[in-house]
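Student: I would like a close look at one part of this structure, and how it connects to the rest. Please pick a good place to begin and take your time.

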Amino acid sequence: MRPVPTRRLAIVAALASVLVLAWPNDGLAPLLWVNGALLLLALVDSARAVDPERLAVDRELPPVLSLGGSGTISWTVRNQTGRTLRVALADELAPSL
């Protein structure tokens, strides 16, 4: 699974771009320094991220639904890491539905 940049990394990148623009030097050195710092921060952010394999995800749904009927689908996500996580879920239903 590919790492997804966090909001805090995007905010730091936006603030760093303002820092580069405000830097009085015209050379590439400030840009290279800020890009190096952002790369290092992105690597640290990615290394600290929780492995998705450590999350237990279960989906419960009725085995059969009749046409025009309704059913309830429920998700259970268990965090086995002990860290606080923010999770977003999406479900794609069968094309016949």
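Tutor: Let's begin with some vocabulary: helices (H or I, at least four residues) and strands (E, at least two) are runs assigned by DSSP, and they are numbered from the N terminus. Keep in mind that this is a predicted model. With those names we can place D51, which sits in the loop between α2 and β1. We will start there, walk back into the helices, and then go forward into the strands.

Is D51 buried or exposed? Neither word fits fully: D51 is partly exposed, because its relative accessible area is 42%, and that label covers values between 20% and 50%. Now look for A22, which is 29 residues from D51 in sequence. In space, the C-alpha atoms of D51 and A22 are 38 Å apart.

Going back from the loop, we enter helix α2, where we find R48. R48 is exposed, since its relative accessible area is 52%. R48 and T6 are separated by 42 residues in sequence, yet their C-alpha atoms are 11 Å apart. Another residue of helix α2 is S46. It has 33% relative accessibility, so S46 counts as partly exposed. S46 makes a nice contrast with the pair of R48 and T6: L67 is 21 residues from S46 in sequence, but 45 Å from it in space, C-alpha to C-alpha.

What does helix α2 pack against? Its partner is helix α1: α1 covers residues 7-22, α2 covers residues 29-48, and the two axes are 10 Å apart at an angle of about 170°. Because angles over 145 degrees count this way, α1 is roughly antiparallel to α2. If you want to see where the helices meet, look on the α1 side for R8, L9, V12, A13, A16, L19 and V20. Facing them from α2 are P30, L31, V34, L38, L41, A42 and D45.

Two names from those lists deserve a second look. Side chains of opposite charge can pair when their charged atoms come close. R8 and D45 form a salt bridge, and their closest N and O atoms are 2.9 Å apart. This pair joins distant parts of the chain, with R8 in helix α1 and D45 in helix α2, 37 residues apart. The two partners differ in their cover: R8 is exposed because its relative accessible area is 52%, while D45 is buried because its value is 12%.

How many salt bridges does a search of the whole structure find? The total is 2. To meet the other pair, go forward from the loop into the strands: the side chains of D58 and R78 come together in a salt bridge, at 3.1 Å from N to O. Here too distant parts of the chain are linked, as D58 belongs to strand β1 (residues 55-60) and R78 to strand β2, 20 residues apart. D58 is partly exposed, as its relative accessible area is 34%, and R78 is partly exposed as well, at 40%.

Next comes the loop between β1 and β2, where you will find P62. With 26% relative accessibility, P62 counts as partly exposed. Setting aside neighbours within four places in sequence, P62 is in contact with G71 and T72. T72 is 10 residues from P62 in sequence, and their C-alpha atoms are 7.1 Å apart.

Our last stop is on the surface. A nonpolar patch there is formed by V57, L61, I73, W75, V77, L85, V87, L89 and L93, which together have about 720 Å² of accessible area. One of its members, L85, lies in the segment after β2 (74-79). L85 is partly exposed, because its relative accessible area is 32%, and patch residues need over 30%.

Technical notes:
Residues numbered from 1 in each chain as written. Predicted model: local features only at pLDDT ≥ 70, side-chain atom pairs only at ≥ 80, totals over all residues. Heavy atoms only, no water. Patch = residues over 30% accessible without salt bridge, like charges linked within 9 Å, V, L, I, M, F, W, Y side chains within 5 Å. Areas by Shrake-Rupley, 256 points an atom, 1.4 Å probe, with all protein chains shown as cover. Salt bridge = Lys/Arg side-chain N within 4 Å of Asp/Glu carboxyl O. Buried < 20%, exposed > 50% of the residue type's maximum accessible area, 1.4 Å probe, protein only. Axes fitted to C-alpha atoms, helices over the stretch in contact; angles between N-to-C directions. Parallel < 35°, antiparallel > 145°, perpendicular 65-115°, else oblique. Contact = heavy atoms within 4.5 Å.
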